[in-house]
Amino acid sequence: MTSRSRIPLPRSGHARAAVGALAAVGVAAAGLAAERALVRKLKADPTDRYADEVFDEQRYDESFRLEMPDGTDIHVEVVEPTRPTPGNPTVVLVHGFCLDMGTFHFQRKVLAERGEHRIVAYDQPGHGRSGRLETGEYDLTALGRTLREVIDRAAPEGPLVLVGHSMGGMTIMAFAELFPEMFGDRVVGTVLMATSGGLLAETKLVAPALLGRVGAPVLYMVGNVTRYGGTAIDWARRSTTNVAWLLTRRYGFGTRHPSPALVSYVETMNSRTSADTVTRYLRTLATHSRFPALAALAGTPVLVIVGDKDMITPVTHSEEIVRRLPHAGFVKIPDSGHVVMLEHADEVNEALTRFLEEL
């Protein structure tokens, strides 16, 4: 019989714990290395049509900061038409949760090139270049009032078309709940992209923005936010950027091979939104239920756009909006996820420009 030498196991509890900890670190390091390798491979896509796209650099003719009654200041940009047409509405772009006005990068680019419409874009409170709320939680009703303040300052007269993505669509619904008289008189058209009138507790709305960083540990921190605070959560999020990139790719997009440049752009927007802002929005998003507010849109043209593989606000949410607004146009884009206006910009731009022309 051949004898085999054995490595003696440590006998003390502290020593065994140390070995276990080292083993765990080794497994974690191997996992992180695998994630880095996978992300590098996915990003090295020679067919990426947006590899050379310059994001976050859009032309504007006016930029200003709007101070809200709660103390937050809102970053607003205005693009004037180069070929103004009398009667053409101003297009107001309202972005979604954990994103910023860059969400509409391609729509703004096309509309500015066409030059027929005035464009107003702004960053929602706590997002992008807008200020954060000093105390308390964010509220969709307050976001509806913010939209009204932006309109009163940047487009005080003339017809309007409101374009909202995800939470931006919910903001428009809150606006309609507060100011139904604006529809038909000022608001002559509404575009709702990948959004919902309610039932948000059933969705994965927070997944890529918050949980995508570290998963369950962040969930635990959110449950104990007063103990840990946004700073600790932000640190945890930054520690796993490869996980965030992979989950942004999974939850935000529908195609099997989305543009790595677009995934990185969306992940960058997510990462710029602090965990403190994210947690303060959770309650208002989870309790959002504004189907009755859709009645204000019944007398004006509406366009609903959704990706058929949207995992965050699934197709059924858009179908429920259309059921309540049977006159609405409905565009369901194949192989697209939640950021449909980025992932399938050509199809969304075609639907949006056709909607504006028909007005």
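Let's start at T313, which sits in the loop between β7 (302–307) and α11 (315–324). Keep in mind that you're looking at a predicted model. Is T313 buried or exposed? With a relative accessible area of 0%, T313 is buried. Its side chain also has company: a polar contact of 3.2 Å joins T313 and H338.

Follow the chain from that loop into α11. Here V315, H317, S318, E320, I321 and V322 are buried. What covers them? The cover over the buried residues of α11 includes α4, β6, β7 and β8 (329–333). The helix α11 lies across β6, β7 and β8, and its direction makes an angle of about 165° with β7.

Now for the strands underneath. Strands pair through backbone hydrogen bonds, either parallel or antiparallel. In this model, an open sheet of 8 strands follows the order β1-β2-β4-β3-β5-β6-β7-β8, and its pairing is mixed. Why do β1 (62–67) and β8 each have a side without a neighbour in the sheet? They stand at the edges with a single partner strand each, so one side is left free of a neighbour. On average, neighbouring strands of this sheet are turned by 20° against each other, direction ignored.

Let's look at β6 (residues 187–193). Of its 7 residues, 6 are buried, so β6 is largely enclosed by the rest of the structure. On one hand, β6 pairs with β5 (residues 160–165) in the parallel sense over 6 bridges, and T190 in β6 is the bridge partner of L162. On the other hand, β6 runs parallel to β7, with 4 bridges joining them; there, L192 stands opposite V304 in β7. To see how the chain gets from β5 to β6, find helix α4 (residues 167–178): β5, α4 and β6 make a right-handed β-α-β unit.

Over at β1, the pairing is of the other kind. β1 and β2 (residues 73–79) pair in the antiparallel sense over 6 bridges, with E77 in β2 as the bridge partner of S63. Helix α2 (residues 105–114) lies across β2, β3 (90–94) and β4 (119–122), running at about 155° to β4.

Next come the charged residues. Side chains of opposite charge can pair when their charged atoms come close. How many salt bridges does the structure hold? There are 20 of them. In one, E357 pairs with R114, and the closest N and O atoms are 3.0 Å apart. This pair links distant parts of the chain, since E357 belongs to helix α13 (residues 345–358) and R114 to helix α2, 243 residues apart. E357 is exposed, with a relative accessible area of 55%, while R114 counts as partly exposed at 24%.

Another salt bridge takes us back to α4: E177 pairs with R290, the closest N and O atoms being 3.1 Å apart. Here too, distant parts of the chain are linked, with E177 in α4 and R290 in the loop between α10 (275–286) and β7, 113 residues apart. E177 is partly exposed at 44% relative accessible area, whereas R290 counts as buried at 10%.

For a pair within one helix, try R354 and E350, whose side chains meet in a salt bridge of 3.6 Å, N to O. Being 4 residues apart in α13, they are separated by about one helical turn. Finally, E77, R108, D123 and R129 are joined into one network by salt bridges that share partners.

Terms used. Residues numbered from 1 in each chain as written. Predicted model: local features only at pLDDT ≥ 70, side-chain atom pairs only at ≥ 80, totals over all residues. Heavy atoms only, no water. Helix = DSSP H or I, 4+ residues; strand = E, 2+ residues; numbered from the N terminus. Buried < 20%, exposed > 50% of the residue type's maximum accessible area, 1.4 Å probe, protein only. Polar contact = N/O pair within 3.5 Å; in protein donor to acceptor, adjacent residues only side chain to side chain. Pairing = 2+ DSSP bridges. Right-handed = clockwise from strand over helix to strand, strands pointing away. Contact = heavy atoms within 4.5 Å. Axes fitted to C-alpha atoms, helices over the stretch in contact; angles between N-to-C directions. Salt bridge = Lys/Arg side-chain N within 4 Å of Asp/Glu carboxyl O.
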